[in-house]
Amino acid sequence: MAMEGIVKKLENDKYLFVIKQQYTKEIQESRFSILEDVKTVNIGNDMAVTLSIGMGMNGDSYIRNYEYARTAIDMALGRGGDQAVVKDGTKIRYYGGKSQQLEKTTRVKARVKAHAMRELMDTKDKMLIMGHKIGDTDSFGAAIGIWRIATSFNKKARIVINGVNSSVKPMMARFENSSDYPEDLFLTGEEAAEWADSNTMLVVVDVNRPSITEEPDLLKLVKTIVVIDHHRRSSDFIKKPLLTYTETSSSSTSELVTELLQYFQEDVDLAKIEATALYAGIVVDTKNFAVQTGVRTFDAASYLRRCGADPDIVRDLFSCDFDTVKDRAAILSGARIKDGIAVASCPKGLANAMIIAAQAADALVNIDKVEASFTFYYLDDGYIGVSARSRGDINVQLVMEAIGGGGHRTVAGAQVKGRTMEEAQDVVMAALHEILDKNKEIDEK
């Protein structure tokens with residue numbers, strides 16, 4: 001459609017366009033149909049063409065709108081591309097993002113980020129490493145990898161942990177009970193705040209939203225911040241980090257940290273248990289190399305095996321008792337399946353509910369003709385947790401983002417506050433069907 005605008009080529013693959021605001025409503029109502037139209041371009045190209053669009057509007061000046069657009073395109077690219085992000089003042093809207101992010105086979109970005117991180121470390125004497133709340137195997141493994149990098153360059157480094165899920169505790173105990181590691185390797189958020197000073201660097205792994213980091217106050221206390229993550233960039237991204245390394249096509253943050261380690265390998269001597277912690281992070285996030293894996297995933301795993309990573313230890317870490325098996329079976333037996341969507345719920349008071357719910361969701365999505373699964377469980381303080389899984393056609397990340405959560409296209413989660421179990425299920429199903437209906441409208445057009 002004609003919009004009487006202008007388009008200016010900035011670089012080989014970057015363009016600036018300016019249009020009148022009266023046309024923005026029409027573009028948004030079509031949900032940026034050009035995102036799908038451009039994929040039909042066939043001029044002998046082997047790969048489908050995709051667009052990433054950032055639009056800024058309703059600022060108090062042309063400069064402010066341009067800044068909004070720059071922020072929007074950074075978010076679109078940080079969330080994996082093939083989508084449009086509109087920053088309308090303080091409001092941010094997302095469109096598209098339905099296709100699977102392709103793995104980047106080159107590791108040039110990892111080398112550049114490793115070099116930049118080394119330069120930042122040279123300016124500081126101390127380092128804090130922090131993951132997300134209720135740390136999982138991936139965030140723990142990534143934190144251990146960064147700790148090893150820091151200590152190899154004679155930096156005083158500590159890992160911030162207030163609490164981890166039960167699957168991480170056995171691995172964590174191996175570090176706590178070893179004389180090879182300092183007694184205060186793991187600090188609580190309060191202890192870390194006292195330990196930090198003006199000469200401290202903060203590395204945030206496996207999370208990019210301030211509200212769900214292990215200790216959000218540290219983000220205000222420490223000025224030199226690095227973010228390493230494999231999740232799509234959220235609208236409330238950590239403000240003004242000096243270095244950001246996000247790769248949404250990567251299997252895990254442990255994979256990203258392993259790649260960084262390989263560029264420091266002349267200076268870093270990775271211990272067997274450290275390599276095992278990183279290996280465990282990759283194994284868990286890929287469901288034992290079954291999902292979200294690429295060539296670089298196996299390259300990272302191969303490097304860790306050469307460093308002594310022990311698969312037997314990883315297997316032992318994730319073995320479960322008979323009561324857990326029975327609890328999971330009971331949840332699966334009570335699941336409901338309709339129109340390719342499986343829904344299950346955990347009883348109140350269930351031990352290790354988060355882990356069992358995730359396992360149940362994994363099992364449900366492997367059932368024939370099930371396209372997506374959602375397992376609900378009770379958390380403390382009135383929260384209802386959701387574990388979401390998909391075979392790929394349904395983007396469960398978009399569903400979870402709609403209710404305040406996030407994750408990946410095939411693996412995601414969220415927490416709903418102030419709702420009963422039934423109400424939480426209704427909220428998720430409403431978000432799911434809204435996204436499915438919008439996608440259906442686009443396909444019909």
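Mentor: Let's open with a definition: a nonpolar patch gathers side chains of Val, Leu, Ile, Met, Phe, Trp or Tyr that lie within 5 Å, from residues with over 30% relative accessible area and no salt bridge. Keep in mind that this is a predicted model.

Trainee: Okay, which residues make the nonpolar surface patch here?

Mentor: I6, L10, L16, V18 and Y66 make the patch, and its area is about 460 Å². Strands β1 and β2 each give two or more residues to it. Take I6, which sits in β1: its relative accessible area is 58%, so I6 is exposed.

Trainee: How many of the residues of β1 are buried?

Mentor: The number is 0 out of 6, for a strand that covers residues 6-11, so β1 lies largely in the open.

Trainee: And how do I read its pairing with β2?

Mentor: The general idea is that strands of a sheet pair through backbone hydrogen bonds, in a parallel or an antiparallel way. In this case, β1 pairs with β2 (residues 14-18) in the antiparallel sense, over 5 bridges. One example is K9, whose bridge partner in β2 is Y15. Between the two strands there's a hairpin of 2 residues.

Trainee: Now a parallel case, please. In what order do the strands of the open sheet come?

Mentor: Read across, the order is β8-β7-β6-β9-β10-β11, which makes 6 strands with parallel pairing. The edges are β8 (186-187) and β11 (243-246); each has a single partner strand, so one side of each has no neighbour in the sheet. At the β11 edge, the partner is β10 (residues 224-229), held by 4 bridges. If you want a spot to click on, V226 has L243 as its bridge partner in β11.

Trainee: What comes after β11?

Mentor: A loop leads from β11 to helix α9, and S250 lies in that loop. S250 has a relative accessible area of 3%, so it counts as buried. Its side chain has a polar atom 3.1 Å from the backbone oxygen of S252. Beyond the neighbours within four places in sequence, S250 is in contact with H230, E255, L256, Q292 and H408.

Trainee: Two of those sound like helix residues. Is α9 mostly covered or mostly open?

Mentor: Mostly covered: 10 of the 11 residues in α9 (residues 253-263) are buried. Among them are E255 and L256, both contacts of S250.

Trainee: Let's turn to charges. How many salt bridges are there?

Mentor: The count is 14. For an example inside one helix, look at K326 and D323, whose closest N and O atoms are 3.7 Å apart. The general idea is that an α-helix has 3.6 residues a turn, so residues three or four places apart point the same way. Here both partners sit in helix α13 (residues 322-333), 3 residues apart, or about one turn. K326 counts as partly exposed because its relative accessibility is 44%, and D323 is partly exposed as well because its value is 48%.

Trainee: And a salt bridge that reaches farther along the chain?

Mentor: Try K287 and D362, with an N to O distance of 3.1 Å. They are 75 residues apart and link distant parts of the chain: K287 is in the loop between α10 (272-285) and α11 (295-306), and D362 is in helix α14 (residues 353-365). K287 is partly exposed, because its relative accessibility is 29%.

Trainee: Which other side chain meets D362?

Mentor: R389 does, at 2.6 Å, N to O. R389 belongs to strand β15 (residues 383-390) and D362 to α14, so this pair ties together parts that are 27 residues apart in sequence. R389 is buried, because its relative accessible area is 7%. Through shared partners, K287, D362 and R389 form one network of salt bridges.

Trainee: One last residue: is D88 buried or exposed?

Mentor: Buried, because its relative accessibility is 16% and the cut-off for buried is under 20%. D88 is in strand β4 (residues 83-88). Leaving out neighbours within four places, it's in contact with M57, N58 and R93. With N58 there's a side-chain polar contact of 2.6 Å. As for G59, it's 29 residues away along the chain, and its C-alpha atom is 7.6 Å from that of D88.

Methods:
Residues are numbered from 1 along each chain as its sequence is written. This is a predicted model: local features need pLDDT of at least 70, side-chain atom pairs count only at pLDDT 80 or more; totals for chains, interfaces and linings use all residues. Side-chain values use heavy atoms; hydrogens and water are left out. Two strands pair if DSSP finds at least two bridges between them. Buried means under 20% relative accessible area, exposed over 50%, partly exposed in between (1.4 Å probe, protein chains only). A salt bridge is a side-chain nitrogen of Lys or Arg within 4 Å of a carboxyl oxygen of Asp or Glu. Patches are made of residues with over 30% relative accessible area and no salt bridge: like charges are joined within 9 Å, nonpolar side chains (Val, Leu, Ile, Met, Phe, Trp, Tyr) within 5 Å. Accessible areas come from the Shrake-Rupley method with a 1.4 Å probe; for residues, only the protein chains shown count as cover. Contact means heavy atoms within 4.5 Å. A polar contact is a pair of N or O atoms within 3.5 Å; within protein, one must be able to donate a hydrogen and the other to accept it, and residues adjacent in sequence count only if both atoms are side-chain atoms.
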